[in-house]
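Open the model in your viewer and keep the sequence panel beside it. The stops below are given in the order in which to select them.

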Amino acid sequence: MSASAAEILPAGGGGGLDFLDAGGALARSPLQLFWRRFRRDRVALASLAFIVFLIVIAVAAPLVVSILGLPGPNVQNLNLTDAFGSPLGPSLAHPFGVDSLGEDVMSRVIYGTRVSLEVGLGGTAISTAIGVLIGMLAGFYRGWLDMLLSRLMDVVLSIPVLLLGLGLGAACGVRGCVKGLISPGLATIVFIIALANWPYVARIVRGLVLSMREREFIDASRALGASDARIMFREILPNLTAPIIVYASLLVPTNILLEAALSYLGVGIRPPTASWGQMLAAASPIFNTAWWYMVFPGAALLLTVLAFNLLGDGLQDALNPRNAR
Amino acid sequence: MIRYVIRRLLWGVVLLIVVAALTFVLFRVLPSANPALLRAGRDPNPGLVKNIEALLGLNKSLPEQFWDYMKEIFLHFQFGYSYYSQESVRSLIGGRLSATVSLTVGAAALWILGGMSVGVISALRRHKLADRLAMGGALVAISAPEFWLGFVFLLLFASDIGKFRILPGAGSYVGLTSDPWKWFTSLIMPWIVLAAGSAAIFARLMRSSLSETMGEDYIRTARAKGLPERRVVRHGIRAAINPIITLFGLEVGVLLGSAVLVESVFNIPGIGELNYKAIQQSDFPVTQGTVLLASLFIIVANIVVDVAYAYLDPRVRYS
Amino acid sequence: MRSIRTIVAVLAAALAGVALAACGSSESGAGAGGGKVSVLVPKGYQSPATESLSGKRGGTLEVLQEADFEHLDPGISYFALDYTEVFATQRPLYSNKPNADETVPDMAASKPEISANNKTITVHLREGVHFSPPVDREVTSEDVAYAIERGANPNVANPYLQTYFSSIEGMPHANGGPVKGIETPNKHEIVFHLTEPKGFFVAEALCLPLTAAVPKEYAEKFDRNKPSNYYAYQVATGPYMLKNDAEGKVLGIGYVPGKSATLVRNPKWNPKTDFRPAYLNEIDIKIGGTQAVIDRQVLEGSNVVQNEPVAQSAVKLAAEHYKSQLSLSPGAGNRYVALNNKVGPFKNVDLRKAVFAAIDRAALDRERGGELVSNVATHFIYPTIPGFEQAGGLNGPKLDYDEHPEGDMAVAEKYMKLAGYPSGKYTGTNTVQVVGASDTPEKEDAEIVNQTLKSLGFHTKLTLVEIATMYAKYCDAPKEEIEVCPTVGWIADFADPQTVLRPTFDGNAIVSTGNVNYGQVNIPSVNAAMQAAEAVQGKEARAKAWAKIDDKLIENAVAVPYDWEKAPRLEGKDVHGVAMLWNEGAWDYSFTSLK
């Protein structure tokens, strides 16, 4: 389902392994080759820099907010609404304006970075981990285990993610699910993302593992008496790292957008936590009276998603020189 | 070939059954509120609630409810009755099907045609201005949330509340048969919003896939042999089409999900909107019915994709 | 989305026999403080008190409605939004003119005759009133009897039947069949025999839609379905009917759930038998959308209205540019922050007073659109209800925690200290659960209250859910032990102060489900005063007695009232809308016309 993730979805093969063959007589490791190519892509570098910047902001949000002299994200200032309750626009004290509770929008955008990155990176990481594990098992063992797991993937892929998320969010968003282990809010979203995304990763990994199984280095390891687990984790997994990273980096923006959509539908992050999606949801209908409330979180969301997409493109280009743009 | 198709169809049916079971678990075992309580409204004295629970069949054990539910679907093709309006889910969905189909089929057409043509042009004019603009635009289209985009469109172009009043606003959808022109114009903005993301993905994929193909040796040979460029390009496209077909199956699911957002913003009385409200109201029969329907479409789309692959690549039939 | 809060408070004075101003009494509820009412609505805006009821015949009105109807079966319907449709198509025994709280005979021909011992009510019915096609025939007393009796049918399950009509002989054990105490001596007379002397009270309840005639021979086959689907085939007695086919089917034609409703003229309606002018030819209701967008579409559109609470941004837009298209209806109920008086830290009256003092009530009102659409509440009885002035009027009782609508932290601190927290902040370990509705503006109000509690040192857990769930699962359920429900409210069923205070603050009214005494307020002296005030006769005396109780409630800070609603509604520039004072200021389709 992800943006350009399907671009590397193999219609039968491991497109991401080409660099293994390209080596030949060169003394450089694949990693070094990759980095050289990546370094030359200025757009990708810029995106990486922006993402690092975002991470710094997310981690150091309280510090950033206090340096800028802004109130905290949940500090209500009810005097900043006019007689009709409409919020006031950008000013020196509040460069991005305030929302209908008088909370500073810039501060909320900064803190919202945390939510987006947690959801994007965390949710993706979890679903990737699950997908890799299952994909590896399916591809390595084949037979009935593969059949079972593949069918499971099919089932989950048959349900539209947003509807699934909507239902789960509504169901778990009131009192929590799994006996309260999944509580309303962030945990629910991450749970939904993990649940919805793992089949995509699993399918790709499975395909890659299937094609890798037949290679000589696997046979060599077996001849040396290596156990299945060792082969899977020491031999196969490292070779999957590259495509997994590329794929994951393309899943991140999709998941960030998914959180925004779920928050818009009311089953995502709950107030008073600041989340870009939730801010957009509240702001969209009143765009004409409070343009700042929609423009700034919207721009933040757009730039973040754009950056991850561009980074993913860059990674992909660096790993598959044949697709050089 | 036939055997492959039959196998795929059978698996499709099994999938549907499993999905039905899954939605049952999802929407009844993890409830957000007792629908009987919600329906009883402002005076839910225990007697009334018990009454309603009996009416809705909620007092039976879960396995019993599940068995009843599965029987109704697969034997009678009945999806139960809405807890709220008591209308049969089938007719509720049926009444809204045309709106969602209008929306999604139109968007799908726009997405495929638009995406592919932009992708082809971009691939053939790599690194030129047209390419950069197209790919830049595509990136932005992928990165913008649909509901945000929808509101921006409304506030710019809606004839009732927009800045430049050129297209009908929210809520102006009418059926194709009642007023074809109004039907068409009221769907223009929703189509664009719904198709934007997917079209962009298609364009990018087409571009990369075609660029790769056009670099192949046999293309060079064809050119050297003196084939007109148009036919060369056609060869390229045919070879590049594979990943696109795969993507189609995956994107159908995305499209159906996104339809919820677009229907909500533009107030189109479709199935997405129905589903959204039903979930809020814990109206399980309606929710299950709509999710099942969506899953059916995805399963069918994926069967079509798989069969197309099997047709193009005989090796697949034996997997 | 849905504003369930706008329910006509059916549980009203039903808790014990009450001698209220009967339906059809000449004593008008709107009259009391009528002059003051116009002060609450600034010049230039419409309001029921000043609107004209005349209009031009003809035309089709479009209604943009965000929420769907809940129940359109007159035997089940009980939400304000449902009433906008039901009262255009159904004629109960008594009903209301738009700009009055008092009721007039509708299906009835005259006021109810109550026997001297208060145990028998006789109602004479109008002649010449017919059902709409396909039933067509004249309405008789048997139809009214069936309408009420079917309320006890478990497939219909009217939610307020036992509350109001349980004193009718045979009603407590009825299950849809004929009820002993409902007698129809002839075609145009219906007599109710009661087992207790509650004639006045039951007569009042005859203005509820349950009393709208239903033809038995036509409806009983639908009432046999579980649940009844009569609503899908309903016939009408009013000036309009839901569009139907030759067999009478409405579902899918005149009412498409979640999509639309279409009201057309009832060909069998005789205008000479009705006080309604019914100017419009047709009313097309479009269901769905976002309130803020709908409101803008109405302001800029033509031949269109909206009929639900107006979004805050649209209130501003209307006040600044479209004044004449905004109608305000004071007396549309109150809103308050319910504090759990039984369980948790707010058992302590001083802590309650501290919270009362700390909350910025003006800000809560601003989230709804500000002073134009809401007055800061200083006590519970709201304008247009007798007792409002006696309880202190706009300014309310003179108490330090009530005096500052913007909140006063100094006073709050004082009470925190009195409660035993010398630092002025709560230092206990209880987590306070706050449950509010997730729609704007309830969401913002809940967040403000949440923040106020935090600033007083409380640890809070804020949960925002869909409004129906908020009531059904949390605030209506004592066993959930929710400490704070900040977005609850109340509208009275009749213009009597008892219906505002008793169901919500009487300790004897607490029940285990569907409990509307959200705070489980149970103060013995107040309970006793309510018991006594119930029996008081005469409007002035009742107003005084209940005003005293209102003040007593505020002295105990049982809850924090913050809003006296002036329900706003919007109309297109070429619509002459007439609002229902008695139903939340909603537009009355039977009186509205096009300019």
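Select helix 13 of chain C, residues 467-475, to begin; nine of its nine residues are buried, so the helix is mostly covered. The model is predicted. Stepping along helix 13 of chain C, the buried residues include Ile467(C), Met470(C), Tyr471(C), Lys473(C) and Cys475(C).

**Chain C as a whole**

Now show all of chain C, which holds 16 helices and 22 strands. Its radius of gyration is 24 Å, in agreement with the value near 25 Å that a compact globule of 595 residues would have. The C-alpha trace spans about 75 × 55 × 45 Å along the principal axes of chain C. Of the 595 residues in this chain, 66% are buried. Taking contacts in chain C between residues at least 6 apart in sequence, 73% join residues at least 24 apart.

**A four-stranded sheet**

Next select strands 4, 5, 7 and 6 of chain C, which form an open sheet in that order with antiparallel pairing. Strand 4 (113-114) and strand 6 (182-186) of chain C are the edges, each pairing on one side only. Strand 5 (residues 120-124) and strand 7 (residues 189-193) of chain C are joined in the antiparallel sense over five bridges. To see one such pair, pick Ile121(C), whose bridge partner in strand 7 of chain C is Phe192(C). Then add helix 3 (residues 141-149) of chain C, which lies across strand 6 and strand 7 and runs at about 170° to strand 6 of chain C.

**Loops on either side of helix 3**

Go to the loop between strand 5 and helix 3 of chain C, where Pro134(C) lies. A cis peptide bond with omega of about 5° joins Pro133(C) to Pro134(C). Asp136(C) is in this loop too, and has a positive phi of about 70° although it is not a glycine. Is Asp136(C) buried or exposed? Asp136(C) is exposed, because 12 other C-beta atoms lie within 10 Å and the cut-off for exposed is 12 or fewer.

Move on to Ala157(C), in the loop between helix 3 and helix 4 (161-165) of chain C. Ala157(C) is not a glycine, yet has a positive phi of about 55°. Ala157(C) is buried, with 24 other C-beta atoms within 10 Å.

**Two further loops in chain C**

Select Pro441(C), found in the loop between strand 15 (431-437) and helix 12 (442-455) of chain C. The peptide bond leading into Pro441(C) from Thr440(C) is cis, with omega near -5°.

Then pick Asp496(C), in the loop between strand 17 (484-490) and helix 14 (498-505) of chain C. With 26 other C-beta atoms within 10 Å, Asp496(C) is buried. Display Thr384(C) as well: the C-alpha atoms of Asp496(C) and Thr384(C) are separated by 9.6 Å, with their positions 112 residues apart along the chain.

**Chain A**

Show chain A alongside chain C; their contact takes 17 residues from chain A and 26 residues from chain C. The chain A side divides into nine nonpolar, seven polar and one charged.

Finish within chain A, at helix 11 (residues 276-283) and helix 12 (residues 291-319), whose axes come within 9 Å and cross at roughly 145°. The contact involves residues of helix 11 of chain A including Trp276(A) and Leu280(A), and residues of helix 12 of chain A including Tyr293(A), Pro297(A) and Leu301(A). By class, the residues in this contact are nine nonpolar, one polar and no charged.

Technical notes
Residues numbered from 1 in each chain as written. Chains lettered and ligands numbered in written order. Predicted model: local features only at pLDDT ≥ 70, side-chain atom pairs only at ≥ 80, totals over all residues. Helix = DSSP H or I, 4+ residues; strand = E, 2+ residues; numbered from the N terminus. Rg over C-alpha atoms; globule rule 2.2 N^0.38 Å. Buried ≥ 20, exposed ≤ 12 C-beta atoms within 10 Å, placed from the backbone. Contact = placed C-beta atoms within 7 Å. Axes fitted to C-alpha atoms, helices over the stretch in contact; angles between N-to-C directions. Nonpolar A, V, L, I, M, F, W, Y, C, P; charged D, E, K, R; others polar. Pairing = 2+ DSSP bridges.
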